[in-house]
2 protein chains.
Amino acid sequence: MSNYWSQIIRELKPYVPGEQPKENLFVKLNTNENPYPPSPRVIEAIVKAADSSLRRYPDPNCEVLKQAIADHYSIKKDNVFVGNGSDEVLALSFISFFKQSQPILFPEISYSFYEVYCSIFEIQNIRVPLTADMGIFLEDYTQPNGGIIFPNPNAPTGKLLSLDPIESLLERNNESVVIVDEAYIDFGGESAIQLIGEYANLLVAQTFSKSRSLAGLRVGAALGSEKLIEGLERAKNSFNSYPLDRLAIAGAVEAIRDKAYFRATCKKVIKTRERTVAALSKMGFSIVPSMANFIFIRPAGIQARELYTRLKDEKILVRYFDKPPIDEYLRVTIGTDADMQTFIEKIKKIIA
Amino acid sequence: MSNYWSQIIRELKPYVPGEQPKENLFVKLNTNENPYPPSPRVIEAIVKAADSSLRRYPDPNCEVLKQAIADHYSIKKDNVFVGNGSDEVLALSFISFFKQSQPILFPEISYSFYEVYCSIFEIQNIRVPLTADMGIFLEDYTQPNGGIIFPNPNAPTGKLLSLDPIESLLERNNESVVIVDEAYIDFGGESAIQLIGEYANLLVAQTFSKSRSLAGLRVGAALGSEKLIEGLERAKNSFNSYPLDRLAIAGAVEAIRDKAYFRATCKKVIKTRERTVAALSKMGFSIVPSMANFIFIRPAGIQARELYTRLKDEKILVRYFDKPPIDEYLRVTIGTDADMQTFIEKIKKIIA
């Protein structure tokens, strides 16, 4: 604490990201990274972009990247916003749309950064409880609000909502912005991007960190009506004109364009998820049905916290949230088949 | 404008960065980029870092880069903060230190982003006029305030303050944070970094975009007492956990380490600046004494606005600010000797 800090900074409880060990000694299943490298075309594009042009500012509007994303989703460039990871995109969305007289709504168990954005931007919020089976029930989001945000699939549960309840929500909640945070949508869900033409208040957030294997490059996007995108551009241009560097732009463009690689990678992760779920079920673990690249599991025969610690001793990192009611669960990223086999074997050894 | 925008976003007048033409048809003297490429060691490091590890998040604390910067300035790692360009570093500084009950002070003619940060974060401010010869006179910064910020050298004038008046300001203004924005310090100024051990309220902002030829990579830093850096980390971790990607970290580390290249490049820019000033003086132009990689000039025999347009027709881009009292000036980045010769020749042609 310091006298020089503003009141807001004093009161913040910053987000704590998952551990990033310096050495590669761990099977790292704690931050939902993709176990597969980015497309070779991404690496090529970056190497090509690493030249004397780095002395020049990047395109502040990232036109080439926006166009590539627009082409991929068959929308217009003006429906696309890009930023320094989906965290920056979300932060700017909170300032742009959620700083309202009414509180915003989001699930009680959800991406914990939402609360933090509310503190830093002084936004009132109401956290809506999950259902008994850890689902988001959008009919509970009925009170007057300054905005609604939820991840789909939800984090850290992995549970997916279909587009029907999302569309119903959009129909009845048309006075505030609804953000669907689709960080994990490519592992089995259906994107709400197809609805942006119909609902001017729908913003879909996506990231290149998960399904496109580019957590190390920091690229996120938001897709929505032109007016929402224009609002985000205003916020961005009042905060940081050039959030995406030349290399990130070059790499992200190829990540979007290499559709075959993207589909193959997602498929592999999904298959491994299914195998892992089957193995853990056999061992009596409860597993929340997941459509993400992670699973949320309740161990059998051992407390979650203890299993987390014992796995760490065995050089396997998973994520444990020390906060009821999710302190009986572990969030486990889906790695390669080999990673998950090691994971299962170590658990068997620990429990035995 | 949209009903979905927050009041803040509606009222914003976003910063307008200098034009970034898509084709390389222009002699580009409008955004203070370095005319020389980054060190070859930077390119090598980036190419090496462009591998499968991009699937993993970068180090959220950027320890290696902080240590490299600390070593360079003979300070400690805990005195260093890094961000996505000095714009992000400044934005986070405004939230962390300037959101106070008293207004902040900055020069009336200065980096125009300061006003924009004040709007987006709702910070009151008082703009202190320059002296008749376009200088910052720090004895004018005496009123009670929630913080003080000024660029040194100032932008867009290029005028440098020595450390004496800065130290006097720090002595008498010890209840609020003083930010010295040293984006251009390496082209002939003396950095205030040597004072951070003595003044707990001094924050020095720097960028890799100018003297280190890396505008395309988006890296900035702030240097100050541990408490100030801790405040910035709190803000950063409430906004975006991983603002620097793996490639930017790798490149920036080498940019800092290659001191010989850095010194040689700065020297070349300074020499070209002197030659350019001499040539323009001969033509009767007034030039504000500059210690930056740009000059602020008042044309003779032609209006600034007209010269800006005519130069653009001749495929030379400079910066014109359509705002009294600086609308009689042009800000011209120092390019290579060849660039500046073209610039001078075109002016002669236009005036003749």
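**Exercise 1. Two packed helices of chain A**

At what angle do helix H9 and helix H11 of chain A pack, and how far apart are their axes?

*Solution.* The model under study is a predicted one.

Step 1. Identify the elements: H9 of chain A comprises residues 259-282, and H11 of chain A comprises residues 337-351. They pack at an angle of about 15°, and their axes are 10 Å apart.

Step 2. Classify the angle. H9(A) is therefore roughly parallel to H11(A), because angles under 35 degrees count as roughly parallel. The crossing of H9(A) and H11(A) is right-handed.

Step 3. List the residues in contact. H9(A) contributes A:Thr272, A:Arg275, A:Thr276 and A:Ala279, while H11(A) contributes A:Asp337, A:Met340 and A:Ile344. By class, the residues of this contact of H9(A) with H11(A) are three nonpolar, two polar and two charged.

**Exercise 2. A sheet of chain B**

Determine the strand order of the open three-stranded sheet in chain B, and state which strands lie at its edges.

*Solution.* Step 1. The strands follow the order E9-E10-E12 in chain B, and their pairing is antiparallel.

Step 2. Strand E9 (286-287) and strand E12 (330-333) of chain B each pair on one side only, and these are the edge strands.

Step 3. Examine one pairing. Strand E10 of chain B, residues 294-298, pairs with E12(B) in the antiparallel sense over four bridges. B:Ile297 stands opposite B:Leu330 of E12(B).

Step 4. Place the neighbouring helix. H9 of chain B (residues 259-282) lies across E9 and E10 of chain B, and runs at about 10° to E10(B).

**Exercise 3. The two chains together**

Describe the contact between chain A and chain B, and establish the symmetry that relates the chains.

*Solution.* Step 1. Chain B gives 68 residues to the contact, and chain A gives 68 residues. Several helices of chain B each supply at least two residues of the side that touches chain A, among them H1 (7-11), H2 (40-49) and H5 (113-120). H4(B) gives the most to that side, with seven residues. The side of chain B that touches chain A is made up of 35 nonpolar, 20 polar and 13 charged residues.

Step 2. Superpose the copies. Chain B falls on chain A after a rotation of 180° with 0.0 Å of shift along the axis, at an RMSD of 0.0 Å. This is the relation of a two-fold axis.

Step 3. Locate the axis. B:Val47 comes closest to the rotation axis of the residues of chain B, its C-alpha being at 2.7 Å.

Step 4. Compare the surfaces. Of the interface residues of chain B, 100% are also interface residues in chain A, so the copies meet through the same surface.

Technical notes: Residues numbered from 1 in each chain as written. Chains lettered and ligands numbered in written order. Predicted model: local features only at pLDDT ≥ 70, side-chain atom pairs only at ≥ 80, totals over all residues. Pairing = 2+ DSSP bridges. Contact = placed C-beta atoms within 7 Å. Axes fitted to C-alpha atoms, helices over the stretch in contact; angles between N-to-C directions. Parallel < 35°, antiparallel > 145°, perpendicular 65-115°, else oblique. Left-handed = near helix turned anticlockwise from the far one by under 90°. Nonpolar A, V, L, I, M, F, W, Y, C, P; charged D, E, K, R; others polar. Least-squares fit on C-alpha atoms with pLDDT ≥ 70 in both.
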